[in-house]
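Trainee: Got a minute to go through this model with me? I'd like to start with burial and then see where we end up.

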Amino acid sequence: MPSPTYIVTTSQKADAVLREEAELWAARLGVPFVPRRARSIPDVCGVAGVEAALTITHLRVGLVMADGSDEYFFHPNMARMRLHNMDSGKGEPMITAMGLGPGDSVLDGTLGRAADAMVAARAVGPDGLVVGYEADPLVAALTIHGLATYQIDGRGLQDAMRRVQARHGDCEEILPTLATDSFDVVYFDPFFEHTIEQSQAMASLRRLGQHRELSPDVFVEAARVARRCVVIKQRKAGPYNAHPDVIRVVGGGGSRIEYVVLGDPFN
Ligand SMILES: C[S@@+](CC[C@H](N)C(=O)[O-])C[C@H]1O[C@@H](n2cnc3c(N)ncnc32)[C@H](O)[C@@H]1O
């Protein structure tokens with residue numbers, strides 16, 4: 001599914017500051033800036049001949065579909081609930097699978113909205129390191145901006161967001177350039193072939209993100225880069241159970257997802 005074509009615009013009553021901000025987004029993403037004036041999003045998109053408008057408002061930056069079906073914007077999804085579960089002793093299966101503790105380092109190869117990365121950043125604390133790569137340029141730009149600016153109280157979530165180092169890039173290209181054993185854990189959360197997520201949040205990310213299947217080589221490179229293990233999120237009993245280097249599978253209670261842990265054949 002190709003990503004929607006889009007322009008950048010503002011809310012209808014934009015001041016000079018907002019307009020300047022929108023022009024910066026347009027330049028950064030290499031797409032046209034179109035003044036909104038008093039027009040509706042469908043009108044602006046119709047005249048420009050695109051499917052969506054990245055709309056810069058004082059409230060947020062979001063990709064609004066011209067047909068009114070959806071708006072994609074950055075938010076922490078279930079991260080706050082997951083931190084609550086961690087703090088109240090209910091556990092957090094992704095952190096258990098990674099074996100994460102303070103000071104550890106994680107490379108997230110499929111960053112998306114970075115909800116998993118922020119949970120990891122809280123677990124590794126200020127002495128740890130979480131770096132994430134996102135292949136889609138618009139998703140990456142919105143995640144980088146959101147991690148730097150989103151405000152939320154409690155559970156150290158905002159501090160954790162600020163510590164995630166988000167970058168635009170394809171993990172298939174990045175991993176071969178990284179040093180052997182340079183991260184404790186390398187993590188992947190590719191889109192499942194058949195979605196089991198009922199959340200609107202994941203549906204809107206599916207519309208933008210990259211769907212190409214990760215190559216077998218990426219797991220070989222990940223195992224070289226990971227000191228401890230490679231962890232892959234999948235639907236329960238999904239395809240990665242068949243990987244020859246599986247050392248354990250961590251699932252959460254009645255959850256429909258699980259985390260496959262690959263041991264490092266280089267250690
Ligand atoms: C299921 S989402 C990840 C969600 C993420 N774990 C979170 O917590 O928000 C998968 C993401 O990986 C990205 N992706 C897919 N293949 C990639 C690749 N080769 N390199 C980097 N990102 C990739 C997609 O564009 C999408 O944003």
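Mentor: Sure. One cut-off before we start: a residue counts as buried when its relative accessible area is under 20%, as exposed when it is over 50%, and as partly exposed in between. Keep in mind too that this is a predicted model.

Trainee: Okay, so is alanine 114 buried or exposed?

Mentor: Alanine 114 is buried, because its relative accessible area is 1% and the cut-off for buried is under 20%.

Trainee: And what's the phi of alanine 114?

Mentor: Positive, about 70 degrees, although alanine 114 is not a glycine. You'll find alanine 114 in the loop between strand 5 (105-108) and helix 5 (115-124).

Trainee: I also flagged aspartate 181. Where does that one lie?

Mentor: Aspartate 181 lies in the loop between helix 8 (171-174) and strand 8 (183-188). Its phi is positive as well, about 55 degrees, and aspartate 181 is not a glycine either. With a relative accessible area of 25%, aspartate 181 is partly exposed.

Trainee: Switching topic: pockets. What's the volume of the second largest pocket?

Mentor: About 370 Å³. The lining of the second largest pocket is made of 16 residues, and those closest to its centre are Leu59, Arg60, Val61, His145 and Thr149.

Trainee: Which elements give two or more residues to that lining?

Mentor: Helix 1 (16-29) and helix 6 (137-149). Helix 6 gives the most, with 4 residues.

Trainee: How many of the lining residues are nonpolar, polar and charged?

Mentor: The lining of the second largest pocket has 8 nonpolar, 6 polar and 2 charged residues.

Trainee: Where does the second largest pocket lie relative to the domains?

Mentor: Between domain 1 (6-71) and domain 2 (79-263), because both of them give residues to its lining.

Trainee: Back to Val61 for a second. Where is valine 61 placed?

Mentor: Valine 61 is in strand 3 (residues 61-65). Its relative accessible area is 8%, so valine 61 counts as buried. If you want a distance to check in your viewer, the C-alpha atoms of valine 61 and serine 204 are separated by 14 Å, and the two residues are 143 apart along the chain.

Trainee: And Arg60? Which ring does the charged end of arginine 60 sit over?

Mentor: The ring of phenylalanine 73, with the charged end 3.6 Å from the ring centre. Arginine 28 does something along those lines: its charged end sits over the ring of tryptophan 25, 4.6 Å from the centre of that ring.

Trainee: Since we're on rings, how many aromatic pairs does a search of the whole structure find?

Mentor: It finds 3. One of them is phenylalanine 74 with tyrosine 150, which is edge-to-face at 5.7 Å centre to centre, with 70 degrees between the planes.

Trainee: Which parts does that pair tie together?

Mentor: Phenylalanine 74 is in the loop between strand 4 (71-73) and helix 3 (79-87), and tyrosine 150 is in the loop between helix 6 and helix 7 (157-163), so the pair ties together parts that are 76 residues apart in sequence. As for burial, phenylalanine 74 is buried at 9% relative accessibility, whereas tyrosine 150 is partly exposed at 27%.

Trainee: What about phenylalanine 219 and tyrosine 240, why is that pair called edge-to-face?

Mentor: The ring planes of phenylalanine 219 and tyrosine 240 are at 65 degrees and the centres are 5.3 Å apart, so the pair is edge-to-face. Phenylalanine 219 lies in helix 10 (residues 216-225) and tyrosine 240 in the loop between strand 9 (226-235) and strand 10 (246-251), so this pair ties together parts that are 21 residues apart in sequence. Both phenylalanine 219 and tyrosine 240 are buried.

Trainee: Which residues do ring pairs link into a cluster?

Mentor: Phe188, Phe219 and Tyr240.

Trainee: Last one: where is leucine 262 placed?

Mentor: In strand 11 (residues 257-263). Leucine 262 is buried, with a relative accessible area of 2%. The C-alpha atoms of leucine 262 and isoleucine 247 are separated by 5.6 Å, with their positions 15 residues apart along the chain.

Notes. Residues numbered from 1 in each chain as written. Predicted model: local features only at pLDDT ≥ 70, side-chain atom pairs only at ≥ 80, totals over all residues. Heavy atoms only, no water. 1 Å grid on protein atoms, 1.4 Å probe; cavity = no way out; pocket = protein on both sides within 12 Å on 5 of 7 lines; lining within 4 Å. Points joined across faces, edges and corners; volume = space filled by probe spheres on them. Nonpolar A, V, L, I, M, F, W, Y, C, P; charged D, E, K, R; others polar. Domains from an automatic or database assignment. Phe/Tyr/Trp six-rings, centres within 6.5 Å; stacked < 30°, edge-to-face > 60°. Buried < 20%, exposed > 50% of the residue type's maximum accessible area, 1.4 Å probe, protein only. Lys NZ or Arg CZ within 6 Å of the ring centre and 35° of its normal.
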